Amino acid sequence: MPSEFEPRVVIFCCKWCSYAAADGAGLARMEYPSNAEIVKVPCSGKVDALYILKAFEYGADGVLVTGCLLGSCHYLDGNFKAENRVKFVQNLLDEIGFGSERLRLRFLSSAMSNTFVEEVREMVDHIRALGPSPLTLKKITVSE
Amino acid sequence: MDEGPPKDVKIGVFVCHCGENIGGVVDCKSVVQVVKSLPNVIVTRDYTYMCSKFGQELIRSAIKKKGVNRVVVAACSPAMHEKTFMKTLEDAELNPWLLEIANIREQVSWVTKESDKATEKAEHIIRAAIEKSARLRPFEAKEIEIEQAVLVVGAGVAGIQAALDVAEAGHKVYLVERKPSIGGKMAQLDKTFPTLDCSSCILTPLMGKAADHQNIELFTLSEVKNVEGSIGKFEVTIARTPRYVDEEECTACGRCARECNVEVLDEFNVGLSMRKTVYLPFAQAVPRVFVIDKKHCEDCGKCAEKCPRGAIHYDMQPEEITVTVGTIILATGYELYDPAKIVSYRHGIYPNIRTNLELERILYGMGPTGGKVVLENGETPKSIAIINCVGSRDQNHKEYCSRYCCMSALKNVALLKEKLGEDLEIIVCFRDLRAFGKGFEEFYRTVRGMNVHFIRGTPSDIRRTPEGQLYFDVFDATLNKMLRIEPDMIVLQMALEPTPGTMELSKIFGTPVGADGFFSERHAKLGPVESVSSGIFIAGCCRGPVDIADSVSQASAAASKAIQLLDKKIVKQDWVVPHLNIELCSGCGVCVDVCPFKAITQREDLRAELITAKCKGCGICTAECPTGALQLHHYADDELVAQLRGLLQEAAL
């Protein structure tokens, strides 16, 4: 594994909580790794299993799904649905031998910019330690 | 799955420098060079301030003259200017939902130090936005008729002011208060800073006006139990606990209380006096009607028997009332932080340690001590120590500043000196003295001239000698010396926190609170009285500590926002709903099960039917739909997958 490996991490952010927390991190000029990039969704419950799998297929080394604190979902229970779906995809990733550890789910509120930044840093460190995704290592050509 | 973007797509990419905010870190010129060659991109521009009049004109003219039909603006967070740019598209007669914002300020330039890394990340995000925008579909937002009524929750000074402003503008207001009387915390205060005018003298007329206003319907002893619907039409269920006294019949003569034999601590006087179980909450209570405290009542029946008007009915039942309103103002206020949680200050354990609210009641002329400041043994105190920031600015308790305690402490100095004479020794222990408001600094200077010891330092725990003398140590940072203070009385200027139940209200109204438990505002600067949810406004201490003047300003601001909406009569919804392709629907019914708002039903043939009026646009059904028949506008599967592909383009090798 090349020592300078920098992973690509996709973060799904719910517009009510983590997206606002990320905005807050910007406002407070907190720094976090530039290789973690955000995709906005209206609710963590909107994160389709397809999006997670596509992100890995397209070359993400890690995917972080973020939603509101349990009990605080703007749509009542979207984050519980996200939890179920992420577990489902994690099982799937284990079954196909890809490993579930590249997919994480975290809950935070719009006010928790500090937590957001910590989680992102930790995720990037965690994926960096895991090394490149097996999909990018084998140089699978993505067919469209 | 992806058939590629429609053939006629023409994308315009507009990269904003935001002065130095983005331009100082991201090399905008090079970003433009990179994205220029991407498929379907026909216009690329960068400009210092894209949100300026000229910046927006660049977008409009690209749409009108070059035929651009998808717009990517790479700038600040969509929370900031998405609506601005949607309007720009609308002005150029392009559907406003054909806009995609690439957030390269909050997500890139403000969180990335190295310019090359920031530029690279900006390229990824803009490329993702371009890919997504190519697939965006126009969306016709539903027009919503605004129900011509406003719900105001909480009838402290903020709620009363908001209700009056809306009512004066000619609109119906439902004012809901949990306590038996309106007035809130301000009704408990003696005098207010920095003018030292009497709190009830300014509040009482306002309370009366609100209660008598023809457009205001008042619900006391009531709480909001459930809210359904969204901006324009909220169906609100109000639960009212019985008063057991007929509001129409009661004349507040007080006969009932004279007959009653059960005494309990009076919460209005913070437990410093007793009241009967049938009682008037306080002399100026509105409505001026007695109430029975059923929890402590022994059902002896004497009060009902002796009431000259027969106004007392033990058999009154709880009620549920449903009202329909177009907008909501939350003004649920604060509660004093519990002094028992700060064990080292021994409140409630040693005598003569008071919270500032207890002191307010003691100072009040018609309060439990008749306005006399006395120790528990009946003697007059010769020295009083006031401790600021108790529980505030403290990571173990409340991290935030309570914003009132400095000025309230100064006010207490002035009032105590007035009552007990100039010889009274007063020590104020403070961390920083913040006299920031209008007239505050001048008042501070006046109080400094009153022979007061100001000590910059945080006191140790409060102790007591075997003889009963209170004392504490404090390091005076100005004298560079440890001092021992032995006062007769100690006043704790307490931290404040959101009213208990704010979390539940946050769930009922579907609008979030911050880490400190106060309601979050839409934008710290540009949307201070708007909650994060459309059509719900916030005012006063429920959105963070403020003094009376600021509470009232916010209440009027929230009222004017509510009136604006009502006067518009019709607004366009600002959220998207799914599109249902009935041909693809297999009738499995999963969407019906997962929809949090019962916005999907099954037709006779088991296929789905969308009730858009109930839909709030979470998109959960679209994530669960196995056939892709349900697609959320602006977040359709092909749009998001394209965005991911754009983001990760070179990562897959």
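## Working through the A/B model

Strand 1 (residues 9-14) of chain A runs parallel to strand 2 of chain A, the two pairing over 6 bridges. Keep in mind that this is a predicted model. Here are three exercises on it.

**Exercise 1.** Work out the strand order of the open sheet in chain A, and say which strands are at its edges.

*Solution.*
- Start with one register point: Val10(A) has Glu37(A), in strand 2 of chain A, as its bridge partner.
- Now go across the sheet: its 4 strands come in the order 2-1-3-4, with parallel pairing.
- The ends of that order give the edges, strand 2 (36-41) and strand 4 (103-107) of chain A, each of which pairs on one side only.
- For the twist, ignore direction: neighbouring strands are turned by 20° against each other on average.

**Exercise 2.** Find what helix 2 of chain A and helix 18 of chain B touch when they pack on this sheet.

*Solution.*
- Take helix 2 (residues 49-57) of chain A: the strands it touches are strand 1, strand 3 (62-67) and strand 4 of chain A.
- Compare directions, and helix 2 makes about 150° with strand 3 of chain A.
- Next, cross over to the partner chain: helix 18 of chain B packs on the sheet too, touching strand 1 and strand 2 of chain A.
- Its direction makes about 170° with that of strand 2 of chain A.

**Exercise 3.** Describe the interface of chain B and chain A: how much area is buried, which residues supply it, and which polar links cross it?

*Solution.*
- Count the residues: 51 of chain B are in contact with 51 of chain A.
- Then get the area, since the size of an interface is often given as the accessible area lost when the parts come together.
- Here the two chains bury about 4,400 Å² between them, with 60% of it on carbon and sulfur atoms.
- On the chain B side, Trp110(B), Val111(B) and Leu644(B) supply 14% of the buried area, more than any other three residues.
- Look for polar links: 17 residue pairs are in polar contact across the interface, both residues at pLDDT 80 or more.
- Assign the chain B side to helices: among those supplying at least two residues each are helix 4 (78-91), helix 6 (115-135) and helix 18 (637-647).
- Helix 18 of chain B gives the largest share, 7 residues.
- Sort that side by type, and you get 25 nonpolar, 14 polar and 12 charged residues.
- Finish with the salt bridges, of which there are 2 across the interface. Lys113(B) forms one with Glu31(A), where the closest N and O atoms are 3.2 Å apart, inside the 4 Å cut-off.

Key: Residues are numbered from 1 along each chain as its sequence is written. Chains are lettered from A and ligands numbered from 1 in the order in which they are written. This is a predicted model: local features need pLDDT of at least 70, side-chain atom pairs count only at pLDDT 80 or more; totals for chains, interfaces and linings use all residues. Side-chain values use heavy atoms; hydrogens and water are left out. Contact means heavy atoms within 4.5 Å. Buried area is the accessible area (1.4 Å probe) that two parts lose on being put together, summed over both. A salt bridge is a side-chain nitrogen of Lys or Arg within 4 Å of a carboxyl oxygen of Asp or Glu. A polar contact is a pair of N or O atoms within 3.5 Å; within protein, one must be able to donate a hydrogen and the other to accept it, and residues adjacent in sequence count only if both atoms are side-chain atoms. Ala, Val, Leu, Ile, Met, Phe, Trp, Tyr, Cys and Pro count as nonpolar, Asp, Glu, Lys and Arg as charged, and the others, Gly among them, as polar. Two strands pair if DSSP finds at least two bridges between them. Axes are lines fitted to C-alpha atoms, for helices over the stretch in contact, and angles run from 0 to 180 degrees between N-to-C directions.
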